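Okay, everyone, thanks for coming. Let me put the structure up, and then I'll walk you through a few spots in it.

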There are 2 protein chains.
Amino acid sequence: MELWFAERHTQNVKFSIRVDRQLYSGQSDHQRIDIFESKEFGRFLTLDGFMMLTEKDEFIYHEMIAHVPMAVHPNVEKVLVIGGGDGGVVRELCKYRDIKHIDLVEVDPLVVEVCREYLPSVACRLDDERVHIRHDDGLRFLRSVENEYDLIIADTTDPFGPSEGLFTKEFYGSCYKALKEDGIMMNQHESPFYEEDAITTQKIHQRIISSFPISKVYQAHVPSYATGHWLFGFASKVYHPVRNLDSVSWNMKGISTRYYTTNLHSGSFTLPYYVEELLKNVE
Amino acid sequence: MELWFAERHTQNVKFSIRVDRQLYSGQSDHQRIDIFESKEFGRFLTLDGFMMLTEKDEFIYHEMIAHVPMAVHPNVEKVLVIGGGDGGVVRELCKYRDIKHIDLVEVDPLVVEVCREYLPSVACRLDDERVHIRHDDGLRFLRSVENEYDLIIADTTDPFGPSEGLFTKEFYGSCYKALKEDGIMMNQHESPFYEEDAITTQKIHQRIISSFPISKVYQAHVPSYATGHWLFGFASKVYHPVRNLDSVSWNMKGISTRYYTTNLHSGSFTLPYYVEELLKNVE
């Protein structure tokens, strides 16, 4: 038998993974949730048919969104993760003993439940005593928060459907307000290559720079995402992502990673010319 | 009508591009050659059904294999390109006025002919008076050459079929011999993610380090290649690819690029930890 999961990266490009079995399929109040088992990518999670993560390459995305700010900010104690119900970002953050409190605001309780059951290598630290899970809309949660977090990580789905509100000027402004005076906000920034995606990347950047004095974009190679070229945003009140990187102190912590290194950290902020231009056009 | 070109990146992963028309299909003594027209990637060339280049993203591969050595070596006058019958590498090299002579050794005359006709934006500089095209096997051509070139670029297909001999110890040894005392050899180095590809990457690296005192690997984002994560090799007798990068002098030349920058140059040599380990295992 041949069973293939296919995702349209554009109307004219399709990426397909051969599937052994569908392990789970359900519908929450927010979205359709599926878990598949595959030989090449291990288990993978889709929401409304869109690839969220695979066991084989999720380390890339999660390490790159979590360790970059942690190697820059000298003293992160309180973190807010918006989205990220799979637990991958939380798993990476839990590697830091200095972090005292993590709020995870995931709107969909079923995502958390399904990932706990089917993706234990990702969800494994959701039970850490420092982690506090709230099922609420990220934007609504933020409205009542001020001067509270050292770090906010917006680990969202693409900017339509349930996550649409998490890519607005209001959202980035609320993050700014919720951060302490030297806080950092991280976000997934989509891919720069296909035209429609490039426009989305521009829009996100434009909105973030109107809220934060420092806003830089960096990249990683994520094979299961469209084009494999994925961008992340580093927005900050004080710290510069490369000039304030403290490699010595990060490497002293002995954090184990498979993608992130402090060398790669600096390298990942050097962008292709066409991506630089794309971002400059809205600066 | 829906017409899709599909390539198996592994037995269990498929990448598909919707095609408007097949513009050309032919069989040479060496391989099957096809040209397709597509909305998302423009025209693209396949050899024996494997993606070689697309109009939309070929600039990435060609710029990254050509400009990296040109920004390091202080005085490239004579270059050998092995493979590269599409003309993309030659087009980038022809941007340098200092280069006096380019030998292009492409085994298959039909590739050159087809690219001249269907991919003029790639093949456009094959008629430059400095370019000398020879239809010969790369390895055979090299046997009689000694101390001749400042730069050799091995712009080959994957390491099976017609290109198999261009990934052997003998080939790298012959390149070493054909280079002047401060020469540089560049090669495409496959992708590090899928297991089979990772093993190929390792083998190539192992063979190159046995011939060259300096051998470094760097990366780029090429959407139409497997996983989008593509590696290149920089092998050299004297120059280090990052320490000997002369950004000022390269930027003074006013070479126009869409992907390469001298900042990106340095960044592209910072590899993910798992790729570093893959390479270290054979060093």
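Let's start with Thr227 of chain A, buried or exposed? Thr227(A) has 23 C-beta neighbours inside 10 Å, and the cut-off for buried is 20 or more, so Thr227(A) counts as buried. Keep in mind that this is a predicted model. Where does Thr227(A) sit? You'll find Thr227(A) in the loop between strand E11 (214-221) and strand E12 (229-236) of chain A. The backbone there is a bit unusual: Thr227(A) isn't a glycine, yet its phi is positive, about 65°. Just as a reminder, most residues other than glycine have a negative phi.

There's another residue of that kind, Asn147(A). Asn147(A) is also not a glycine and has a positive phi of about 50°. Asn147(A) lies in the loop between helix H5 (138-143) and E9 of chain A. Here the surroundings are sparse enough to call Asn147(A) exposed, with 10 other C-beta atoms within 10 Å.

That loop leads us to E9 itself. How many of the residues of strand E9 (residues 149-155) of chain A are buried? It's 7 of the 7, so E9(A) is largely enclosed by the rest of the structure. Now look at what E9(A) pairs with. Strand E6 (residues 78-83) of chain A runs parallel to E9(A), and 5 bridges join them. If you want a landmark, Gly83(A) stands opposite Asp155(A) in E9(A). E9(A) also pairs with strand E10 (residues 179-188) of chain A, in the parallel sense and over 5 bridges. The landmark for that pairing is Ala154(A), which stands opposite Asn187(A) in E10(A). And if you trace the chain, E9(A), helix H6 (residues 169-178) of chain A and E10(A) make a right-handed β-α-β unit.

Okay, zooming out to the domains. The assignment for chain A gives domain 1 (4-54) and domain 2 (58-280). Taken over C-alpha atoms, the centres of those two domains of chain A are 22 Å apart. As for how they touch, 20 residues of domain 1 of chain A are in contact with 23 residues of domain 2 of chain A. Which strand gives the most to the domain 1 side of that contact in chain A? That's E5(A), with 5 residues. By class, the domain 1 side in chain A has 11 nonpolar, 7 polar and 2 charged residues.

Next, the other chain. What does chain B put against chain A? There are 31 residues of chain B in contact with 31 residues of chain A. On the chain B side, the elements that give two or more residues are E2, helix H9 (262-268) and helix H10 (273-280) of chain B. The largest share, 6 residues, comes from E2(B). By class, that side of chain B has 12 nonpolar, 14 polar and 5 charged residues. And the strands pair across the chains: E2(A) and E2(B) do so in the antiparallel sense, over 5 bridges. One pair to click on is Ile17(A), whose bridge partner in E2(B) is Val13(B).

Last stop, helix H3 (residues 109-118) of chain B. Val111(B), Val114(B), Cys115(B) and Tyr118(B) are buried in that helix. Looking down the axis of H3(B), those buried residues fall within an arc of 100°, so they line one face of the helix. What they pack against is strand E2 (13-27), strand E3 (32-38), strand E4 (42-47) and helix H4 (120-123) of chain B. That's my tour, thanks!

Technical notes. Residues are numbered from 1 along each chain as its sequence is written. Chains are lettered from A and ligands numbered from 1 in the order in which they are written. This is a predicted model: local features need pLDDT of at least 70, side-chain atom pairs count only at pLDDT 80 or more; totals for chains, interfaces and linings use all residues. Domain bounds come from an automatic or database domain assignment. Two residues are in contact if their C-beta atoms, placed from the backbone, lie within 7 Å. Helices (H or I, at least four residues) and strands (E, at least two) are DSSP runs, numbered from the N terminus. Ala, Val, Leu, Ile, Met, Phe, Trp, Tyr, Cys and Pro count as nonpolar, Asp, Glu, Lys and Arg as charged, and the others, Gly among them, as polar. A residue is buried if 20 or more other C-beta atoms lie within 10 Å of its own, exposed if 12 or fewer, and partly exposed in between; C-beta atoms are placed from the backbone. Two strands pair if DSSP finds at least two bridges between them. A crossover is right-handed if, with the strands pointing away from the viewer, the path from the first strand over the helix to the second runs clockwise. The arc is that of the directions from the helix axis to the C-beta atoms.
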